[in-house]
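Grab a coffee and open your favourite viewer. Below is a short set of exercises, each with a worked solution to check your own reading against.

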Amino acid sequence: MKNLSIIGAGSWGTALAVVLAPRFPRVRLWVYEADLARRMHLSRENDVYLPGFQLADNVEVVNDLPAALGAADVVLSVMPSHLVQRLYREMLPYLHESMLFVSATKGLENGSLRRMSEVIGEVLSARMEPRVAVISGPTFAKEVARFEPTALVVASSVQAIADKIQAAFSGPTFRLYTSQDTIGVEIGGSIKNVVAIGAGVLHGMGLGHNPMAALITRGLAEITRLAVAMGGQPLTLAGLAGLGDLVLTCNGDLSRNRTVGVELAHGRKLDEIVGSMKMVAEGIKTTNAAVDLAKRYSVEMPIAEQMFQMINFGVSPRDAIQRLMERSLKGE
Ligand SMILES: NC(=O)c1ccc[n+]([C@@H]2O[C@H](COP(=O)([O-])OP(=O)(O)OC[C@H]3O[C@@H](n4cnc5c(N)ncnc54)[C@H](O)[C@@H]3O)[C@@H](O)[C@H]2O)c1
């Protein structure tokens with residue numbers, strides 16, 4: 001596979017262009033903002049979403065979708081979740097059934113609550129047999145772009161597709177494991193953002209390691225319950241796309257969702273917090289989705305429920321914690 005097209009040049013798309021450039025002779029990076037694309041073309045740097053990193057010479061910056069997609073072997077989509085359906089529909093006329101599609105987006109579709117691979121599969125199936133994989137795991141964009149050792153999962157219901165992407169993407173600092181459990185991988189990667197907001201709340205309240213460890217562990221328990229009810233495998237959630245990503249997002253200062261929680265704990269209103277962030281904190285929308293999925297699959301998700309109450313109804317962090325601690329007692 002020679003031609004990689006990366007659709008979306010936020011922090012993650014740009015970091016993927018940096019780390020995957022040595023793996024493909026030709027990489028095209030589609031940038032939505034025309035002015036940013038022009039600057040990136042000249043400076044070789046994404047000064048908005050990932051400043052301080054240079055793109056390799058074989059990365060072409062493009063602002064035009066047909067030009068970004070022509071003759072691609074792999075289309076790697078890295079846009080925020082609310083744009084996935086719209087962008088795939090726009091791309092559809094320029095896609096070919098020989099292409100493999102990889103989604104690096106984390107999150108669920110608003111309203112329908114579908115996973116990204118479902119959304120992409122549905123759009124593609126209008127014209128072809130969809131060949132789709134997802135990548136997920138503990139991956140802060142900046143660390144990946146600094147070529148720090150990173151491990152992640154590539155999942156596809158078709159093992160041969162996961163194998164191909166594993167072989168094409170893996171490199172000295174980027175190690176991919178395969179999985180056939182797209183449900184577990186996508187639910188892990190999405191719902192962890194809800195728990196990450198909770199981690200930020202604990203941090204913002206100045207609480208210590210005990211509550212954080214309890215939140216991560218019980219958060220993982222409820223994510224696993226949901227994933228299994230949806231058809232995922234429990235072991236997937238104990239892996240990189242579950243526990244791995246949860247530990248990263250809950251402990252790392254780089255996480256935007258955690259930052260939202262810290263600000264909530266400091267008493268700032270959600271609108272104000274979101275208004276002051278340039279980047280997307282997917283966890284806010286995902287909190288609403290998690291509560292809806294919990295209802296749909298009759299699964300108890302008490303942490304997600306309290307985050308929902310905090311975000312939508314202004315329940316105070318102290319009250320939310322008290323409600324969690326005073327639930328009826330249970331076996332683990
Ligand atoms: N940042 C990370 O470290 C990281 C790591 C793993 C996964 N992810 C996931 O990758 C996805 C993308 O996140 P990100 O961090 O790169 O995003 P970002 O918040 O840095 O950037 C937003 C992106 O959306 C694009 N955009 C905005 N409006 C648009 C429009 N109308 N049409 C098309 N594109 C538009 C922008 O050009 C930009 O590329 C998310 O699902 C995120 O959860 C991010």
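The exercises go from the ligand to a helix, then to loops and single residues.

Residues are numbered from 1 along each chain as its sequence is written, and side-chain values use heavy atoms, with hydrogens and water left out. The model is predicted: local features need pLDDT of at least 70 and side-chain atom pairs count only at pLDDT 80 or more, while totals for chains, interfaces and linings use all residues.

**Exercise 1. The ligand shell**

Describe the residues that surround the ligand and sort them by character.

*Solution.*
- Step 1: Collect the residues near the ligand (one heavy atom within 4 Å of it). This gives 24 residues, and the closest are Gly-10, Glu-33, Lys-106, Arg-256 and Glu-282.
- Step 2: Sort the shell by type, with Ala, Val, Leu, Ile, Met, Phe, Trp, Tyr, Cys and Pro as nonpolar, Asp, Glu, Lys and Arg as charged, and the others, Gly among them, as polar. The shell divides into 14 nonpolar, five polar and five charged residues.
- Step 3: Assign the shell to helices (DSSP runs of H or I, at least four residues) and strands (runs of E, at least two), numbered from the N terminus. Helix H1 (11-20) and helix H4 (84-91) each supply at least two shell residues. The largest share, three residues, comes from H1.

**Exercise 2. Backbone partners of the ligand**

Find polar backbone atoms that pair with oxygen atoms of the ligand, and state how much of the ligand the protein buries.

*Solution.*
- Step 1: Apply the polar contact rule: a pair of N or O atoms within 3.5 Å; within protein, one must be able to donate a hydrogen and the other to accept it, and residues adjacent in sequence count only if both atoms are side-chain atoms.
- Step 2: List the pairs. A polar backbone atom of Lys-106 is 2.8 Å from a ligand oxygen. Trp-12 offers a polar backbone atom at 2.9 Å from a ligand oxygen, and Ala-141 has one at 2.9 Å as well.
- Step 3: Turn to area, from the Shrake-Rupley method with a 1.4 Å probe (for residues, only the protein chains shown count as cover). Taken alone, the ligand exposes 840 Å², and the protein buries 87% of that.

**Exercise 3. Helix H9**

Check the span of H9 and identify what covers its buried residues.

*Solution.*
- Step 1: The expected span is 1.5 Å times one less than the number of residues. H9 (residues 209-229) has 21 residues, so 30 Å is expected, and its end C-alpha atoms are indeed 30 Å apart.
- Step 2: Call a residue buried under 20% relative accessible area, exposed over 50% and partly exposed in between (1.4 Å probe, protein chains only). Buried residues of H9 include Met-212, Leu-215, Glu-222 and Ala-227.
- Step 3: Look for contacts (heavy atoms within 4.5 Å). The cover includes helix H8 (182-204), helix H10 (234-237), helix H11 (240-251), helix H14 (283-296) and helix H15 (302-313).
- Step 4: Read on past the helix. H9 is followed by Gly-231, with a positive phi near 110 degrees.

**Exercise 4. Positive phi outside glycine**

Place Leu-113 and Phe-147 in their loops. For each, is the residue buried or partly exposed?

*Solution.*
- Step 1: Recall the background. Most residues other than glycine have a negative phi.
- Step 2: Leu-113 has a phi near 65 degrees and lies in the loop between strand S7 (100-103) and helix H5 (116-124). At 7% relative accessible area, Leu-113 is buried.
- Step 3: Phe-147 has a positive phi of about 60 degrees and lies in the loop between helix H6 (141-145) and strand S9 (150-155). At 39%, Phe-147 is partly exposed.

**Exercise 5. Two buried polar side chains**

Trace the surroundings of Glu-109 and Asn-3.

*Solution.*
- Step 1: Glu-109 sits in the loop between S7 and H5 and is buried at 13%. The Glu-109 side chain makes a polar contact of 2.4 Å with the side chain of Ser-112. Beyond four places in sequence, Glu-109 is in contact with Gln-85, Arg-114, Met-116 and Val-119.
- Step 2: Asn-3 belongs to strand S1 (residues 3-7) and counts as buried at 15%. The Asn-3 side chain reaches the backbone oxygen of Ala-71 at 3.0 Å. Among the residues Asn-3 touches beyond four places in sequence are Phe-24, Arg-26 and Asp-73.
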